[in-house]
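Work through the exercises below with the sequence and the model side by side. Try each task before reading its solution.

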Amino acid sequence: MKWDSWGALALALLAGLVQAASLAVPGSGAPLWWLQLPALAVLVALLDRSPSPWSAAALGLVFATAWMCGTFWWLFISMYTYGGLAAPLAALAVLALAAFVALYYAAACAAWRAWGQGHWLWRALVFAALWLLAELCRGQWLTGFPWGAVGYSHLDGPLASLAPLVGVYGMSFVAALLAALLALSLRAPAPWRAGAVVLLSLAVLAWAPWTPAQGWSRSAGALDVALLQGNIPQDEKFQPGTGVPVALQWYGERLRSSRASLVIAPETALPMLPQQLPAGYLDAVRKPFAEGTRAALVGIPLGSYAEGYTNSVQGWVPGTAQPYQYDKHHLVPFGEFIPPLFRWFTDLMRIPLGDFNRGTIGQPSLAWQGQRIAPNICYEDLFGEELGARFRRPEEAPTILANFSNIGWFGNSVAIDQHLHISRLRALEFSRPMVRATNTGATAIIDHEGRVAHQLERLTRGVLEGQVEGREGTTPYAWWVSRTSLWPLWGLGLLLAALAWRHAGRRQDAR
């Protein structure tokens, strides 16, 4: 390989790391949309100069591997610190996952180098379509792992106004288009025309924030909530002699003493099956909610050896004979189910892993004081198309979304900031508030415009009390995704890719 090729690969690696930083910059944790666009533009410029589809694939692989490693490097913490996996093996596992995911983008880059022919505006559109397909493949195939999609970088930028229209993947498409326009305009035959297109794009960006996002929903009244954050150390959380008794005591006391209309405790706040809890414990904790004006939602595992287990949320509402129950649908690979042929890998770690049963998509919400509260557990809030299934019938659609998480596995890392951004974007897509109850952070109240109204300091034990305003109404994204899932975006990407392939073939025949 020539020296200039190695230089291009090094630049692609650097650009990938910059794109990772744009999701949640180290230190502040803020998303930086203006950092993401030039990072991806650098990749497009390198692809435009690459001599072949194979070299383009190599550039895409290096860029995306660096981007993925820089995004979810914190998986190393869970495997090494809490799983006991040797550091080299843990690092290799993160790198292998990143490289595997990067294959989608390598294929997209190779296809663009082969099919992206013609006018530079058309080529920019083709790049955006192929990038969109790579994002969709990563987000849906093999159970999906869309953590760190490009759209999340634009949470506080102009493209955020597109969230209630086209969702995070539509935002990724537009971001890729703008990055490609930025890169390709510099080599366009008529620079003044290219400059005009870029200026027009920037004008659209400047206008977008003024789009009235609040018009998609209306107030459904307010609810007082108390969000519990136990901050139980992850290496003690499931230990009978340390974390378990602390959790049972602290959460039990806060559930009984809180005066809020709705008390919410995070994922596996009670870290034992009901039949494993001390005699009379669960009845004593439920008793204050049997009557009166208070209800609770509590993360707890449910099931048995015979029937299997679920990662669940149980709801206690006055005047109801049976507790409300939500069972997690989208399980975490290796954490909640073990993919075929990988049992040997999980056996190397000291993490309580197993195969859980799945809940269904579109489970009912908890009805309480005029609100419909829809739980989602851990990284389920990554999958807007699955949360959207609850919006098919407006009269049953949630007025409040509630996330129950424990990402203590990843320490005091940028994973906390990234997950907060994910919940904020779901709030924007559906024009719904999202309340987050977590073990270590970020415990927060997010309004329907994606703004953090209240937040508890991470890695502290405490209670966040506040008021959340429920919302009714349906955004365009909620309407179409509840009926068609992500197929419209798949159709857009595949149609443009097919047209590019056909156009490139005709140009080849003409030669």
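**Exercise 1. A strand and its neighbours**

In which sense do strands E3 and E4 pair, and over how many bridges?

Solution. This is a predicted model, so read every value below as computed from it.

Step 1. Find strand E3 at residues 295-304. E3 pairs with E4 in the antiparallel sense, over nine bridges.

Step 2. Check the link between the two strands. E3 and E4 form a hairpin, with three residues between them. Ser304 stands opposite Gly308 in E4.

Step 3. Turn to the next partner of E4. Strand E5, residues 324-327, pairs with E4 over four bridges, again in the antiparallel sense. Here Gly315 faces Tyr324 of E5.

Step 4. Ask how enclosed E4 is. Eight of the nine residues of E4 (residues 308-316) are buried, so the strand is largely enclosed by the rest of the structure.

**Exercise 2. The whole sheet**

Give the strand order of the open sheet, then name its edge strands.

Solution.

Step 1. The sheet has six strands, in the order E5-E4-E3-E2-E1-E12, and its pairing is mixed.

Step 2. E5 and E12 (462-472) are the edge strands, as each pairs on one side only.

Step 3. On average, neighbouring strands of this sheet are turned by 35 degrees against each other, direction ignored.

Step 4. Look at the E12 end. Strand E1 (residues 218-229) runs antiparallel to E12, and 10 bridges join them. Asp224 has Gln467 in E12 as its bridge partner.

Step 5. Add the helix. H9 (residues 243-257) lies across E1, E2, E3, E4 and E12. H9 runs at about 140 degrees to E1.

**Exercise 3. Salt bridges**

Identify the salt bridge between E1 and E12, then work through two further pairs.

Solution.

Step 1. The structure holds 12 salt bridges.

Step 2. Arg218 and Glu472 meet through their side chains, at 3.8 Å from N to O. Arg218 is in E1 and Glu472 in E12, 254 residues apart, so the pair links distant parts of the chain.

Step 3. Extend the pair. Arg218, Arg372 and Glu472 are linked in a network of salt bridges. Glu472 has a relative accessible area of 25%, which makes this residue partly exposed.

Step 4. Take a second pair. Asp417 and Arg458 form a salt bridge, their closest N and O atoms being 2.6 Å apart. Asp417 lies in helix H13 (residues 415-430), and Arg458 in the loop between E11 (452-455) and E12, so the pair ties together parts 41 residues apart in sequence.

Step 5. Compare burial against the 20% cut-off. Asp417 is buried at 14%. Arg458 is partly exposed at 23%.

Step 6. Finish with Arg254 and Glu253. Their salt bridge has its closest N and O atoms 3.3 Å apart. Arg254 is partly exposed at 27%, and Glu253 is partly exposed at 33%.

**Exercise 4. A histidine in H13**

Is His419 buried or exposed? Which residues does His419 touch?

Solution.

Step 1. Place His419 in helix H13.

Step 2. The relative accessible area of His419 is 0%, so this residue is buried.

Step 3. List the contacts, leaving out residues up to four places away in sequence. His419 touches Trp147, Cys378, Tyr379, Asp381, Asn403, Ser405, Ile407 and Arg436.

**Exercise 5. Aromatic pairs**

Classify the ring pair Phe100 and Tyr104, then the pair Tyr477 and Trp480.

Solution.

Step 1. A pair of aromatic rings is described by the distance of the centres and the angle of the planes.

Step 2. For Phe100 and Tyr104 the centres are 6.5 Å apart and the planes at 70 degrees, so the pair is edge-to-face.

Step 3. Both residues of this pair lie in helix H5 (residues 87-115), four residues apart, about one turn of the helix. Phe100 is partly exposed at 42%, whereas Tyr104 is buried at 16%.

Step 4. Tyr477 and Trp480 are also edge-to-face: 5.3 Å centre to centre, with 85 degrees between the planes. They are three residues apart in helix H14 (residues 476-484), about one helical turn. Both are buried.

Step 5. Close with a cluster and a charge. Phe63, Trp67, Tyr105, Trp112, Phe127 and Trp131 form one aromatic cluster. Over the ring of Trp67 sits the charged end of Arg138, 5.3 Å from the ring centre.

Notes:
Residues numbered from 1 in each chain as written. Predicted model: local features only at pLDDT ≥ 70, side-chain atom pairs only at ≥ 80, totals over all residues. Heavy atoms only, no water. Buried < 20%, exposed > 50% of the residue type's maximum accessible area, 1.4 Å probe, protein only. Pairing = 2+ DSSP bridges. Axes fitted to C-alpha atoms, helices over the stretch in contact; angles between N-to-C directions. Contact = heavy atoms within 4.5 Å. Salt bridge = Lys/Arg side-chain N within 4 Å of Asp/Glu carboxyl O. Phe/Tyr/Trp six-rings, centres within 6.5 Å; stacked < 30°, edge-to-face > 60°. Lys NZ or Arg CZ within 6 Å of the ring centre and 35° of its normal.
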